[in-house]
Amino acid sequence: ERFALPSDDAELWLFWPPDPLCACGIDATTLRHATEANLLGVSYQPQIRMSDGAVAGFEALARWHHPELGEVSPEVFIPLAEKSGHIGLIGAWVLRRSLAEFGALAGSCDTRLAVNVSPLQLRDAGFADLVAGCLADAGRPAAQLELEITETARLGEDAQTRRTLADLRALGVGLALDDFGTGYSNFATLAQVSFDRLKLDRALIAGLPADRSVRLIRAMRHMADALGMELLVEGVETVEQARILRDLGCDLAQGYHFAPPLVLADAVTWLHARGAR
Ligand code: C2E
Ligand code: MG
Ligand code: MG
Ligand code: MG
């Protein structure tokens, strides 16, 4: 069944199965209360262009502030939402909220907003229309939005997914393959689907500056060139990693070295402080 797009936060209701979904004490009721109490949020992490250090964009990352447990990781609640069938609702909420908030960050006209999308959302025949509607409501051009797709087991084999990706392309939305090099984000996907950007998983650069890692990233750089993709490396934590990646010709980088994910107000402050330097 198709999910209805909540017209505002107050209308975002999630009906989870009543049984506990997770051993860590997070269940249907607590997540439903979270949405009622407006405890879901979005943080923004800058993506830096290596050639000149400019802020190329921000990645929107879903956040859940649990009254007792504190921050619940999206690595916990996104898979829960995927299992219970509510990922479409949460995904639509993140898309709408981040596009609405993005006005405060989109100072320079080519700053991009990257939003994570579950492959399950791509299987919804209404997804491209949903994206178009959210863009129109926020008054943002499609070129300013990039969708990061991960966990791409057999992404290219599902007919509806291929149609959705083609519709998103026609709309002018950018597509990034997330977490490349781990799990299901693999070469077979690259052979089947064209992406604007390749995001190397942080596991691939954790070894830097070891020579083996340098060679691996150089090879990824060549592959991205051959397929006409920009290369973004995530999880950059040290000044030395940043320097090596710049020398290797990586287009973009993201990580704690530049900034952690920030709530909107902090992201605005960070952007202004950076502009003032
Ligand atoms: P991702 O899309 O690969 O996002 C990058 C993750 O790496 C984020 O974790 C970010 O906080 C973290 N990170 C950033 N820089 C560094 C660094 O320098 N070092 C280390 N160790 N980590 C860094 P986060 O926010 O916990 O999100 C985890 C994952 O949850 C995301 O991985 C994404 O797959 C998923 N996710 C988050 N929000 C959404 C959403 O709205 N929709 C969907 N479908 N998935 C989401
Ligand atoms: Mg991502
Ligand atoms: Mg990633
Ligand atoms: Mg990830």
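A residue counts as buried when its relative accessible area is under 20%, as exposed when over 50%, and as partly exposed in between. The structure used in these exercises is a predicted model.

**Exercise 1. Classify E59, D178, D179 and R221 as buried, partly exposed or exposed.**

Step 1. E59 has a relative accessibility of 3%, so E59 is buried.
Step 2. D178 has 4% and is therefore also buried.
Step 3. For D179 the value is 22%, so this residue is partly exposed.
Step 4. R221, which is found in helix α8 (residues 211-226), has 8% and is therefore buried.

**Exercise 2. Find the protein donors of the magnesium ion (ligand 2) and give their spacing in sequence.**

Step 1. The donor cut-off for this metal is 2.8 Å. The protein donors are E59 (OE), N116 (OD1), E148 (OE) and D178 (OD), at 2.0 to 2.2 Å from the ion.
Step 2. Along the chain, these donor residues follow the pattern E-x56-N-x31-E-x29-D.
Step 3. E59 belongs to strand β2 (residues 55-66) and D178 to strand β6 (residues 174-180), so the pair ties together parts that are 119 residues apart in sequence.
Step 4. Both of these residues, E59 and D178, are buried.

**Exercise 3. Repeat the donor search for the magnesium ion (ligand 3), and state which residue coordinates both this ion and the magnesium ion (ligand 2).**

Step 1. The protein donors of ligand 3 are D178 (OD), D179 (OD), E234 (OE) and E234 (OE), lying 2.0 to 2.7 Å from the ion. E234 thus appears twice in the donor list.
Step 2. The spacing of these donors along the chain is D-D-x54-E.
Step 3. D178 coordinates both magnesium ions, ligand 2 and ligand 3, which are 4.1 Å apart.

**Exercise 4. List the side-chain partners with which E59 makes polar contacts, with distances.**

Step 1. The cut-off for a polar contact is 3.5 Å between N or O atoms.
Step 2. The side chains of E59 and N116 are joined by a polar contact of 2.8 Å. N116 is, like E59, a donor of the magnesium ion (ligand 2).
Step 3. A polar contact of 3.0 Å links the side chain of E59 to the side chain of K199.

**Exercise 5. Describe the surroundings of ligand 1: its nearest residues, its polar distances and the extent to which the protein buries it.**

Step 1. There are 23 residues around ligand 1, and those that come nearest are R63, N116, D178, E237 and Y256. Two of these, N116 and D178, are also donors of the magnesium ion (ligand 2).
Step 2. Assign the shell to secondary structure. At least two shell residues come from each of β2, α2 (74-84), β4 (112-117) and β6. The largest share, four residues, is supplied by β2, the strand that holds E59.
Step 3. Collect the polar distances. A nitrogen atom of ligand 1 lies 3.0 Å from an N or O atom in the side chain of Q45. A nitrogen atom of the ligand is also 3.0 Å from a polar backbone atom of A62. An oxygen atom of ligand 1 is 2.9 Å from an N or O atom in the side chain of D178.
Step 4. Ligand 1 taken alone exposes 810 Å², and the protein buries 88% of that area.
Step 5. Ligand 1 sits in the largest pocket.

**Exercise 6. Give the C-alpha separation of R221 and I48.**

Step 1. Along the chain, R221 and I48 are 173 residues apart.
Step 2. Their C-alpha atoms are separated by 17 Å.

Key:
Residues are numbered from 1 along each chain as its sequence is written. Chains are lettered from A and ligands numbered from 1 in the order in which they are written. This is a predicted model: local features need pLDDT of at least 70, side-chain atom pairs count only at pLDDT 80 or more; totals for chains, interfaces and linings use all residues. Side-chain values use heavy atoms; hydrogens and water are left out. Donors are N, O and S atoms within 2.8 Å of the metal (3.2 Å for Na, K and Ca); water is not among the atoms, so sites may look incomplete. Buried means under 20% relative accessible area, exposed over 50%, partly exposed in between (1.4 Å probe, protein chains only). A residue is near a molecule or strand if one of its heavy atoms lies within 4 Å of it. A polar contact is a pair of N or O atoms within 3.5 Å; within protein, one must be able to donate a hydrogen and the other to accept it, and residues adjacent in sequence count only if both atoms are side-chain atoms. Accessible areas come from the Shrake-Rupley method with a 1.4 Å probe; for residues, only the protein chains shown count as cover. On a 1 Å grid over the protein atoms alone, a cavity is a set of points where a 1.4 Å probe fits but cannot get out, and a pocket is an open set with protein on both sides within 12 Å along at least five of seven lines; lining residues have an atom within 4 Å of a point. A molecule sits in a cavity or pocket if more than half of its atoms lie within 2 Å of its grid points.
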